[in-house]
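Got the viewer open? Grab your mouse, and let's take a walk through this one, stop by stop.

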Amino acid sequence: MKVYVTQESQLDYTPALKYGDIVFLTSPGDRLSAIPTSLGNEEIIWKIQNRLAEFEEDDYLLCTGAPAHMAIAGSILGNRLKKILVWDGRAMSYFPLRIKS
């Protein structure tokens, strides 16, 4: 199993390791441009698509960072997205949330 993290940040992802190996979809410095034809935007979208190519049914999506990166990942995965990890600040851990489609 793998945990796909939408954007790497300075958060401690160690608690998510119990759900699988961590795969970062984008780097902390990856920022989308307001210019729709930006090559940088295309590169970020390509990076997310490429890294999600091996996403399997038992994998998780962990949404951190830029909301647009989260939306792009969700759009790419579509109905393949069945499980996400949600942070519980009180328990200081993640819990799985299953998506039925």
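Before the first click, one bit of vocabulary: a residue is called buried when its relative accessible area is under 20%, and exposed when that value is over 50%. Keep in mind, too, that this is a predicted model.

**Stop 1: Ile72**

Select Ile72, which sits in helix α2, residues 67-77. Its relative accessibility is 16%, and because buried means under 20%, Ile72 counts as buried. Now show what surrounds it: setting aside neighbours within four places in sequence, Ile72 is in contact with Leu32, Ile45 and Ile48. Add Thr6 to the selection as well. Thr6 and Ile72 are 66 residues apart in sequence, yet their C-alpha atoms are 9.1 Å apart in space.

**Stop 2: the rest of helix α2**

Colour the whole of α2 next. Which residues of α2 are buried? They are His69, Ile72, Ala73 and Leu77. Turn the view to look down the helix axis: these buried residues fall within an arc of 125°, so they line one face of α2. In general, an α-helix has 3.6 residues a turn, so residues three or four places apart point the same way. Spin around to the face turned away from the buried side, and you'll meet the exposed residues Pro67 and Ser75. The buried residues of α2, meanwhile, pack against α1 and β3. Just after the helix comes Gly78, which has a positive phi, near 50°.

**Stop 3: His69**

Stay in α2 and pick His69. With a relative accessible area of 1%, His69 is buried. Beyond its neighbours within four places in sequence, His69 is in contact with Thr6, Gln7, Thr26, Asp30, Leu32, Ile44 and Ile48.

**Stop 4: the nonpolar cores**

Click on Ile48 now. Residues up to four places away in sequence aside, Ile48 touches Leu25, Thr26, His69, Ile72, Ala73 and Ile76. Ile48 and Ile72 both belong to the largest nonpolar core, which has 12 residues in all, including Tyr4, Phe55 and Ile84. The elements giving two or more residues to this core are α1 (39-52) and α2. There is also a second, separate core of 9 residues, with Val3, Val5, Tyr60 and Leu62 among them.

**Stop 5: Thr64**

Where is Thr64? Look in the loop between β3 (60-62) and α2. Thr64 counts as buried, with 9% relative accessibility. Zoom in on its side chain: one of its polar atoms lies 2.8 Å from the backbone oxygen of Gln7. Not counting residues up to four places away in sequence, Thr64 touches Val5, Thr6, Gln7, Leu11, Tyr13 and Met70.

**Stop 6: the strands**

Switch to a cartoon view and find β1, residues 2-5. β1 pairs with β2 (residues 21-24) in the parallel sense, over 4 bridges. Lys2 stands opposite Asp21 in β2. β1 also runs parallel to β3, joined to it by 3 bridges. Here, Tyr4 has Leu61 in β3 as its bridge partner.

Last selection: β4 (residues 83-88) and β5 (residues 93-98), which run antiparallel and are joined by 6 bridges. What is the bridge partner of Val86 in β5? It's Phe95. β4 and β5 form a hairpin with 4 residues between them, and Met92 in the turn has a positive phi of about 55°.

Definitions and conventions. Residues are numbered from 1 along each chain as its sequence is written. This is a predicted model: local features need pLDDT of at least 70, side-chain atom pairs count only at pLDDT 80 or more; totals for chains, interfaces and linings use all residues. Side-chain values use heavy atoms; hydrogens and water are left out. Buried means under 20% relative accessible area, exposed over 50%, partly exposed in between (1.4 Å probe, protein chains only). Contact means heavy atoms within 4.5 Å. A nonpolar core is a set of buried Ala, Val, Leu, Ile, Met, Phe, Trp, Tyr and Cys residues joined through side-chain atoms within 4.5 Å. Two strands pair if DSSP finds at least two bridges between them. A polar contact is a pair of N or O atoms within 3.5 Å; within protein, one must be able to donate a hydrogen and the other to accept it, and residues adjacent in sequence count only if both atoms are side-chain atoms. The arc is that of the directions from the helix axis to the C-beta atoms.
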